[in-house]
Amino acid sequence: VPDIHTQQLVENTERQARKLVNEIEALLITARKDRQKVYLQKEETDLVLLVTEVAQEVSMQHSHQPHQIKMESELNELNLMLDPLYVRNVIRNLVENALKYSDDGVQISIRISKKETQAIFTVKDNGWGIAPKYKKKIFTPFFQVPREQMAHQRGYGIGLAYTKYIIEAHGGNISVESIPGKGSLFICKFPLK
């Protein structure tokens, strides 16, 4: 029977391997998106449950960084035709970005709602924010907002391009509202049908 330390090492290694696989897949999908459409394997998926699971996973993986994630939903469930693997990666990317580009103690608010023909999923944080001149560029592959306070950039500049591509492949869209020093709000919309 493995001891607790060994078990934690194995779990951590598995998590890191999954994360690396996701990053490689995001890079490949983003790099070839103009030449090859992504093939979605849509199935009925409860967006509320999916977001809740991913938020809890990310929160546990970032337990070393003081933060608070608050989840709000007008609905107990919201079933949509989605590719759960790709949408899971989209959610993970947005929540991890909120943690990455913030100081310790960041507060993240995740909200799910339904309006007319759309499901709306938002991620709001009180992190570093994005200057207006960069707001359109952040969805461009390999673009990273310049950060003076960082000795090196975190990530590869593909996460938001990948996120936009996957949401649009589902017939939805993503936008951002942000104020430097106050935080960001990412708004994702998926069609209900």
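## A tour starting from helix α2

Select residues 47–61 to display helix α2, whose 15 residues reach 21 Å from the first C-alpha to the last, close to the 21 Å expected at 1.5 Å a residue; the expected span is 1.5 Å times one less than the number of residues. Helices here are DSSP runs of H or I with at least four residues, strands are runs of E with at least two, and both are numbered from the N terminus. The model is a predicted one, in which local features need pLDDT of at least 70 and side-chain atom pairs count only at pLDDT 80 or more, while totals for chains, interfaces and linings use all residues. Residues are numbered from 1 along each chain as its sequence is written, and side-chain values use heavy atoms, with hydrogens and water left out.

**The buried face of α2**

Within α2, next select L47, V48, L50, V51, V54, A55 and V58, which are buried (under 20% relative accessible area, with exposed meaning over 50% and partly exposed in between, for a 1.4 Å probe and protein chains only). These residues cover an arc of only 160 degrees around the axis, which puts them on the same side of α2; the arc is taken over the directions from the helix axis to the C-beta atoms. To see what they pack against, add β1 (43–46), β2 (67–73), β3 (79–82), α3 (84–100), β4 (106–115) and β5 (118–125). At the N-terminal end of α2, show D46, which caps the helix with a side-chain oxygen 3.0 Å from the backbone nitrogen of V48.

**From α2 across to α3**

Now show the side chains of E53 and R88, which form a salt bridge with their closest N and O atoms 2.9 Å apart (a side-chain nitrogen of Lys or Arg within 4 Å of a carboxyl oxygen of Asp or Glu). E53 lies in helix α2 and R88 in helix α3, so the pair ties together parts that are 35 residues apart in sequence. Both side chains belong to partly exposed residues, E53 at 30% relative accessibility and R88 at 21%. Extend the selection to E57, R92 and E96, which are linked with E53 and R88 in a network of salt bridges.

**Further salt bridges**

A search of the whole structure finds eight salt bridges, and another to select is R111 with E72, where the closest N and O atoms are 3.1 Å apart. This pair links distant parts of the chain, with R111 in strand β4 and E72 in strand β2, 39 residues apart. Then move to helix α4 (residues 159–169), where K164 and E168 lie four residues apart, about one turn of the helix, and form a salt bridge whose closest N and O atoms are 3.0 Å apart.

**The loop before β1**

Select K42 in the loop between α1 (4–32) and β1, a partly exposed residue with a relative accessible area of 41%. Leaving aside residues up to four places away in sequence, K42 touches M81, L82, D83 and H170 (heavy atoms within 4.5 Å). K42 and M81 are 39 residues apart in sequence, yet 5.5 Å apart in space from C-alpha to C-alpha.

**The whole chain**

Finally, display the whole protein chain, which has four helices and seven strands in the order α-β-α-β-β-α-β-β-α-β-β along the sequence. Buried residues make up 40% of its 193 residues. Of the contacts between residues at least 6 apart in sequence, 71% join residues at least 24 apart.

Conventions: A polar contact is a pair of N or O atoms within 3.5 Å; within protein, one must be able to donate a hydrogen and the other to accept it, and residues adjacent in sequence count only if both atoms are side-chain atoms.
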